[in-house]
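Let's take a walk through this assembly, one interface at a time. Have the model open and be ready to turn it as we go.

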Number of protein chains: 4
Amino acid sequence: MSQISLSDLNAASKVDFVSALANVVEYSPWIAEQLAGKRPFVGVNQLHTALMAVIQAAEPEVQLALIRAHPDLAGKTQRAAGLTAESTDEQNSAGLDRLSDAEYAAFERVNNAYRDKFGFPYIVCVRRHTKDSVLRDFETRLPNLVKTEIRRAIEEIGRISALRLDQLVVADDRLKVHGRLSTHVLDNHTGKPASGVAVELVELAKLGDSRVIARAVTNADGRTDQPLIGGRPLPIGRYELKFSVGQYFAERSVPMSDPPFLDEIPLRFAISEPEGHYHVPLLVTPWSYSTYRGS
Amino acid sequence: MSQISLSDLNAASKVDFVSALANVVEYSPWIAEQLAGKRPFVGVNQLHTALMAVIQAAEPEVQLALIRAHPDLAGKTQRAAGLTAESTDEQNSAGLDRLSDAEYAAFERVNNAYRDKFGFPYIVCVRRHTKDSVLRDFETRLPNLVKTEIRRAIEEIGRISALRLDQLVVADDRLKVHGRLSTHVLDNHTGKPASGVAVELVELAKLGDSRVIARAVTNADGRTDQPLIGGRPLPIGRYELKFSVGQYFAERSVPMSDPPFLDEIPLRFAISEPEGHYHVPLLVTPWSYSTYRGS
Amino acid sequence: MSQISLSDLNAASKVDFVSALANVVEYSPWIAEQLAGKRPFVGVNQLHTALMAVIQAAEPEVQLALIRAHPDLAGKTQRAAGLTAESTDEQNSAGLDRLSDAEYAAFERVNNAYRDKFGFPYIVCVRRHTKDSVLRDFETRLPNLVKTEIRRAIEEIGRISALRLDQLVVADDRLKVHGRLSTHVLDNHTGKPASGVAVELVELAKLGDSRVIARAVTNADGRTDQPLIGGRPLPIGRYELKFSVGQYFAERSVPMSDPPFLDEIPLRFAISEPEGHYHVPLLVTPWSYSTYRGS
Amino acid sequence: MSQISLSDLNAASKVDFVSALANVVEYSPWIAEQLAGKRPFVGVNQLHTALMAVIQAAEPEVQLALIRAHPDLAGKTQRAAGLTAESTDEQNSAGLDRLSDAEYAAFERVNNAYRDKFGFPYIVCVRRHTKDSVLRDFETRLPNLVKTEIRRAIEEIGRISALRLDQLVVADDRLKVHGRLSTHVLDNHTGKPASGVAVELVELAKLGDSRVIARAVTNADGRTDQPLIGGRPLPIGRYELKFSVGQYFAERSVPMSDPPFLDEIPLRFAISEPEGHYHVPLLVTPWSYSTYRGS
């Protein structure tokens, strides 16, 4: 997606402004039209707050129309017919483009059950989720009242639009839409950061296969050069970090048993705050280790 | 196997003595015959030491015959033809009765390669091993010299006979042939032993499927009532202990994230000393944990 | 104190029974007289429960007389005049025989303030306390109502008498009046118990000087042969355990910085449950350590 | 000390250059005179390397004169007579201006013994030391050969001059003469950084009194706003960090025993690398804690 500066947005003609924001909220140019009159915006946070205020102030039937303008999750027919580029990217980020037939069926059941009850599609900001957590979210929301789900749908539209604005608009301030997952390996045997440790991050799945989503080797400070996940929301879900400590200590000729007491160490944890910072360090000797949610 | 007391063995006629010890060393009554003359034994350790001395003192060709009297590991034909009851039990304990066709093929390759090189069967005390570690042991031993392997085979016969004596003979002393794997869960959130934590021990396998070999729930002291493995050698191999700490803290209404940061905690480790004591504790809060090789 | 078996107590004449229990409750033979009629006792717990029931059932003025029969804590004049042997031992155990003039003055202020308000001496089971915690207990209790303090005084008489019965009577059951403080040093550098580590236990004092109350060296299992405190209640108070780990690692030629990053490690903690089991282990490498309240 | 930029130094007249560097090496303008001819310097590291090369290249008697131009450590008479401002600051930084009479006597013994043996004063870069470590360094060096001590003295002059250059010269590069001591408190009870924890850093002394050298309160990230020691070398010595965790947990109404099991936690460690980064974190619950040398 090409980017535009906030000052250009502030200076643009109404037509250009509306066109620029066309895809921030799915098929709903009326929002951008109202926003145009509220310019200038001093920051992207103010812009997003104004956008949400426009939606909140709309008549109930207009809000409903907005909700109904959204596609079904993982809808086969809709994907064939074509989603907005934004929707496609977002759904793919949660792996919704890699569903097995059984998974498609599961999502279709979800969508249909939700539509049947509420009369509008189930909306969720998929960039904040894994396939597992989407299904869990659905199960939590299906028993809700209609008015609760209208509120929840607008909340999710708010999150989706914030992420889209974050990608689209260059401004001095940043929306708080990204999280970060990092690690750090401390070698308590020698009292130094452990460098050269192979690290693998696996997204665990109940639905379908677990998959490796990041691989790295620790640097001289025992950290990875890049966060394991960064520059995006952390998908809610279950993860496993794997550290090849047997190989690390073997390369340093540290006395170990054969096979080594500790070889590949798995740390299994869940992410529940997509915009949070998860620091999951490993303090390790050939005979012991610790981990904790750090900061 | 029915048991016999050491004092009865000491008092028995030579014929009865030899008959009682018939299966301690595979198809080799001459050993018991020589041992009969060395009675009385003050303990089972002395008996086993004498047994090993008889083997060590034998002529090379007698030693070779002893080695050749042993069956192939997991040999399909031999199992069909019938092993001694002791051999059958031992091989089953390492899962050699649950081999897939591919695994049979792997063991057959091993046996044949070994036989081809050394002219006698590959002998290993299987009760001290998992399938994985047997294959690894084979790979380590195949490059050896013949004289090294004769020494190693006799060593393994020593371990096999020690375990068989341990089961057969009731004496005041015990042979040091058993190991112990235990755990302990400390709840550092409340400063108390964690009781009621579901624990699962899995034997990890490269060859074939991993399998749960023990399940327990921690008691008031945070321990399991029985060792996770005890009363036998600890099979050399890789293991995973799984602790259901999410459920434990949820039942105590401890504030947690949703999904919980820590839910099922896996501790992955290897056992290399079958006669050792492995204590693998878990110190845990909803946000941190540690483990170490304890005692 | 010489001991007597519960069966002898059950079989004794009333006079002998009363004489044997003479000093279990300070200057109050009427209690033993009533207890004599409730024999036989199946255990020392039942005997103590009966003793407390006799006190609870007494008329208020009798209870008051019982309370008044107790000496002041650390009273100089009373010590000169002579306490019962039991009181002397107990007061000495908390260091009340080693008070500086300033400390005597502090205790005298406490005693007088308490006596002035309540009209009876401040009673506390000193074997469960350090000097610091006695003064703290006094401060907590001084604002209480009279009826609360009568209840508290009887509670403390119950604890004092339980400890005296525990020393006096030999029975099949034991009163739960002892605590235990233990430690365990695990060397996470080599994955073994740390043997040969010098350990020192210091009772920390606000009032007067801190003093070493136990010294030990860890055995082959990384533990001390005897509990650091055992066979008595754990005095409520603040403690420091000191472990000479620098020396331990130096003797094993483990590479360390100079001076060693960790040398003498202090673990500072408080005991609040005199009848509890406090296990305070140390998991240590030359560069890291952990401790926790264990079990 | 007023500062000067490297470019100004490069452009200065020889006289001004020598005057500017007058006090970088004690009473030895000949060094600056030689350096003047080697300009321009691209960085302060290159300048310092050149300075050391000038000293190394000097005749033995010139080197000896340079060494002899240095004052005695903590010399009473010399302090009365006046040291260079630099020497005074440096000696004060190690507390040499706060010596008791007994300590003065100890340093005088050291100085005299050293002078008697070697014929020149004992030189050490005191900013890298505590009083204790200076005396320990002296004891290590006194048995050395004269030629070893000439080399060591020049090494220390190198360290002293590097620190003086670091303060004097503004350049694009920095000399690696500073260390850093930092901490971090993680609350494993709630899975968050512990903010608001009072922290105290004590320099432990064998010689004279221990003294508090830093006080701080942890911020929202569980760290102190400033390093506990920074912007200078870390004095070699023994330290204790004290964390008021009892108060921290009490303020958050976390259930604890009374008195709290953990209240003020002391972490005792030594610094041996003045230019290193020592990160000494505390992972803590009301019932457990860990520390390690981090990075």
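What follows looks at how the chains pair up, and then at the cysteines. Keep in mind throughout that this is a predicted model.

Start with chains A and B. Lay chain A on chain B and you get an RMSD of 0.0 Å, using a turn of 180° and a shift of 0.0 Å along the axis. If you look down that axis, the residue of chain A that comes closest to it is A:Ser290, with its C-alpha at 2.0 Å. The two copies use the same surface here, as 100% of the contact residues of chain A recur in chain B.

How much area is buried between chain A and chain B? The figure is about 2300 Å², and carbon and sulfur atoms give 55% of it. In terms of residues, 26 in chain A are in contact with 26 in chain B. On the chain A side, look for A:Phe261, A:Arg268 and A:Tyr289: they supply 30% of the area that chain A buries against chain B, more than any other three residues.

There is plenty to click on among the polar groups, too. The interface of chain A and chain B has 6 salt bridges. For a salt bridge to zoom in on, try A:Arg136 with B:Asp258, where the closest N and O atoms sit 2.4 Å apart. Counting residue pairs in polar contact between chain A and chain B, with both partners at pLDDT 80 or more, gives 11.

Now swing round to chain D and its meeting with chain A. Here, 12 residues of chain D are in contact with 12 residues of chain A. Together the two chains bury about 910 Å², 53% of it on carbon and sulfur atoms. Within chain D, the residues that lose the most area to chain A are D:Tyr292, D:Arg293 and D:Ser295, which together make up 50% of what that side buries. Sorted by class, the chain D side of this contact has 4 nonpolar, 5 polar and 3 charged residues.

How many salt bridges link chain D and chain A? The count is 0. There are, however, 5 residue pairs in polar contact across this interface, both partners being at pLDDT 80 or more.

The symmetry is worth a look as well. Chain D goes onto chain A with an RMSD of 0.0 Å, by a turn of 180° and a shift of 0.0 Å along the axis. The two copies are thus related as by a two-fold rotation axis. In chain D, D:Ser290 is the residue that comes closest to the rotation axis, at 4.8 Å for its C-alpha. The copies meet through the same surface, because 100% of the interface residues of chain D are also interface residues in chain A.

Finally, the cysteines. Over all chains, the structure holds 0 disulfides. If you want to see where a cysteine sits, go to A:Cys125, which is buried at a relative accessible area of 2%. D:Cys125 also counts as buried, with 2% relative accessibility.

How values were computed
Residues are numbered from 1 along each chain as its sequence is written. Chains are lettered from A and ligands numbered from 1 in the order in which they are written. This is a predicted model: local features need pLDDT of at least 70, side-chain atom pairs count only at pLDDT 80 or more; totals for chains, interfaces and linings use all residues. Side-chain values use heavy atoms; hydrogens and water are left out. Contact means heavy atoms within 4.5 Å. Buried area is the accessible area (1.4 Å probe) that two parts lose on being put together, summed over both. A salt bridge is a side-chain nitrogen of Lys or Arg within 4 Å of a carboxyl oxygen of Asp or Glu. A polar contact is a pair of N or O atoms within 3.5 Å; within protein, one must be able to donate a hydrogen and the other to accept it, and residues adjacent in sequence count only if both atoms are side-chain atoms. Ala, Val, Leu, Ile, Met, Phe, Trp, Tyr, Cys and Pro count as nonpolar, Asp, Glu, Lys and Arg as charged, and the others, Gly among them, as polar. A disulfide is a pair of cysteine sulfur atoms within 2.5 Å. Buried means under 20% relative accessible area, exposed over 50%, partly exposed in between (1.4 Å probe, protein chains only). Copies are superposed by least squares on the C-alpha atoms of residues with pLDDT of at least 70 in both.
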